[in-house]
Structure formats: structure tokens, C-alpha cells
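Let's take a walk through a protein model together. Have a look at the structure first, and then we'll go through it piece by piece.

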Amino acid sequence: INKIYQPEPDALILGIKNNRTNYKLLISASASLPLIYLTDDTPANPAVAPNFCMLLRKRLTGGRLIAIRQPGLERALYFDFDCVNDLGDIVRLTLAVEIMGRHSNIILIDADGIILDAIKRVDMEMSSVRPVLPGLPYAPPPAESGRFDLTACTPEEYVRHLDEADARQRHEPLSRALLSIAHGLSPLICREIAHQATRGRDTAADSLSDEERSRLVFYLGRVKNAIETGENRKPYILYKPDGTPLEFSFMPITQYGLNAVGKEMDSFSALLDAFYAERDAAERMKQRAHDILRVLTNLSDRTSRK
């Protein structure tokens, strides 16, 4: 780690040097857009670094990244660093990155599992279940009951979990039923599995034919294989017919038919950089068009009153 910046109150950029090449790892704990990926962008930084950034610079600068851990399909990553403390001893520090919507956070943890600080402090008034404050033991995000990790079971077992869900869940369309029991699968992937299994009909989970059940097992297996082995796992971005970014995925998406155009990218980081840059540009263009239309409408109203 050679540089650490905090361009936003809830975002970091870690400068990482490896084999004489510099990388920039963007980590955002934004409630509306939490993410983590390698970026080529260089956002402006505040003149005065926030306290959390100063702590990371003191503790992590010069540290060596030893491991990156992810428990199953949990939306959390743990970056383990070997760093040198004030006494010259090598100590293990962990940066926990939790990508969980409004609960997203970035937390620095010492070798004993004690929280050193977080980009978002959570006191007892904010959460009595899981406060995040310096000096407290770190506890991983609690697992949701009734949800299952596809990488921890076979496709056949996953379908049995679906059969054992409550009647209300099983009566939902297959895509929603899958999402209701899925741990780590996005709505897009659940819709794609259902689309492939039911040939676009999205049959209710408790009304699947034998053929649809067989196809469901097959496509669950394909997704599981892509996650675990990387087979057929490629960075795809989908565009609307007008060129606006629509979705991104690690596998081809067919559910939109002719209403979307897919493009394979060079890497997942390049995909995310392009997706968010192009989406932001499209949003800015849409806002400009809206502003121009509002000015013209106001001008037309004033002219008609005269």
C-alpha cells in the first residue's frame, strides 16, 4: 500500500503497487451505490484528509496485502495486511469491506479482532444489535435465516430448499421464489435462471413441470460452476437500444431479448468503470435535456401570456 485517499465521506481509494505496476482500488460504502473495484479514474481529494483516512495512512501505508477473503457469497470482503507498528514489529491488520446497501461500511480491525475505527461509526442508538465503534470486538454481519448459498449445496439440494419454503414463497413466480431463498444471488441472476428454466414463462415455483424442474437444476448448476470454476464467467454489460447502460453480469443475459444489447468487456473492473461512467454521463445528459425543456416551457408560457 503506497497511497490512501478518501475522496468522499464514505469512499476510499487505496494505491497498491505490485510488480512495478500501480493500481487504484476504489471502495465505496455509499448507501445508494456501495461497490469495490480497480479503477482508472482519479477523483478529486479534499485538502484536509478525514480522521479515518489519516488512521489508515498511519496503520496501512507500506503494509503488504497478504490475503483477500470472502465468506461464501456474503457481500463482504476481508483484506489482510502485514504492517509495521510504531515499535517496528510486524502486525496483522484487516480491512473489512461490507457492501450491504445502507448498512455498507469499511472497518479497520486489529489482530485480536478489535475495531480500530470505521468509515461509518454505528453507536448503540443506531443499532443495539451490531454497534461498530473503536474498541469493540468486530462481529461479522449476521446471516439471514431461510436463505441458502448455492456454492454450499448441490443444485438438487437447492431445489429441495425451494420446495421446503413456505406456501406463499412457492406460489410466487419462480424468479421471486428463488430470490426469496437466495443468499448472494442478485435479482438479475434469479430472473435469468427462471427465464432459462421456464423458457420465459416464469412459472410459479409450485407449478413447475418435470421438464422445467430439470432445466432449473441444470441452470443452477451452470451458475454454480461459473462462480466456483470460472467456466463461462465473463464480464458482460447490457445496453438499452438507446445506448444507455442497463445491467452488468458475470454471464450472458438473455431475458431482455431484443430490448438489450450485450457486450463483453476486458475485465470486471473495466466493466464497472464503464458502466458507472456511462450511466452517470447518460443521467447528466438527461438532466440537461430536462433543464432545457423546462426553460423552453417557461419561455413559451411567458410569451403566450404577453
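Here is a short tour, from the whole chain down to single residues.

## The big picture

First things first: this is a predicted model. The chain is built with 7 helices and 12 strands. Taken along the principal axes, its C-alpha atoms fill a box of roughly 70 × 65 × 45 Å.

Of the 306 residues, 39% count as buried. Now look at contacts in the chain with a separation of 6 or more: 47% of them come from residues 24 or more positions apart.

## A strand with two partners

Let's zoom in on strand β10, which covers residues 236–239. Its side chains take two directions: Y236 and L238 point one way, while I237 and Y239 point the other way. All four of these residues are buried.

Strand β10 pairs with β11 (residues 245–249) through 4 bridges, and the two run antiparallel. Together they form a hairpin with 5 residues between the strands. In that turn sits G243, with a positive phi of about 90°. Strand β10 also pairs with β12 (residues 261–264), again antiparallel and again through 4 bridges. A handy residue to click on is L238: its bridge partner in β11 is E247, and in β12 it stands opposite G262.

## Salt bridges

How many salt bridges does a search of the whole structure find? The count is 11, and here are three of them.

One joins R92 and D82, whose closest N and O atoms are 2.5 Å apart. R92 belongs to strand β7 (residues 90–98) and D82 to strand β6 (residues 76–84), so this pair ties together parts that are 10 residues apart in sequence. R92 is partly exposed, at 35% relative accessibility, and D82 is partly exposed too, at 23%.

Another salt bridge joins R130 and E98, with 2.5 Å from N to O. This pair links distant parts of the chain: R130 is in the loop between β9 and α2, and E98 is in strand β7, 32 residues apart. Both ends are tucked away, since R130 counts as buried at 18% relative accessibility and E98 is buried at 0%.

A third joins E212 and R201, at 3.1 Å from N to O. E212 is in helix α6 (residues 210–229), while R201 is in the loop between α5 and α6, 11 residues away. Here the ends differ: E212 is buried, with 6% relative accessibility, whereas R201 is exposed, with 55%.

## A buried charge without a salt bridge

Now find D273 in helix α7, which spans residues 268–305. D273 is buried yet has no salt bridge. The nearest side chain of opposite charge is K24, and it is 8.0 Å away.

What does D273 have around it, then? Setting aside neighbours within four places in sequence, D273 is in contact with Y37, L38, T39, D40 and D41. A polar atom of the D273 side chain lies 3.0 Å from the backbone nitrogen of D40.

## Cysteines on their own

A disulfide is a covalent bond between the sulfur atoms of two cysteines. In this model the count comes to 0 disulfides. Take C83: the nearest cysteine sulfur, in C53, is 15 Å away. C83 is buried, at 2% relative accessibility.

Why is C153 not bonded to C190? Its sulfur is 13 Å from the one in C190, its closest cysteine sulfur, and that is too far for a bond. C153 also counts as buried, at 10% relative accessibility.

Terms used
Residues are numbered from 1 along each chain as its sequence is written. This is a predicted model: local features need pLDDT of at least 70, side-chain atom pairs count only at pLDDT 80 or more; totals for chains, interfaces and linings use all residues. Side-chain values use heavy atoms; hydrogens and water are left out. A disulfide is a pair of cysteine sulfur atoms within 2.5 Å. Buried means under 20% relative accessible area, exposed over 50%, partly exposed in between (1.4 Å probe, protein chains only). Two strands pair if DSSP finds at least two bridges between them. Lys and Arg count as positive and Asp and Glu as negative; His and the chain ends are not counted. A salt bridge is a side-chain nitrogen of Lys or Arg within 4 Å of a carboxyl oxygen of Asp or Glu. A polar contact is a pair of N or O atoms within 3.5 Å; within protein, one must be able to donate a hydrogen and the other to accept it, and residues adjacent in sequence count only if both atoms are side-chain atoms. Contact means heavy atoms within 4.5 Å.
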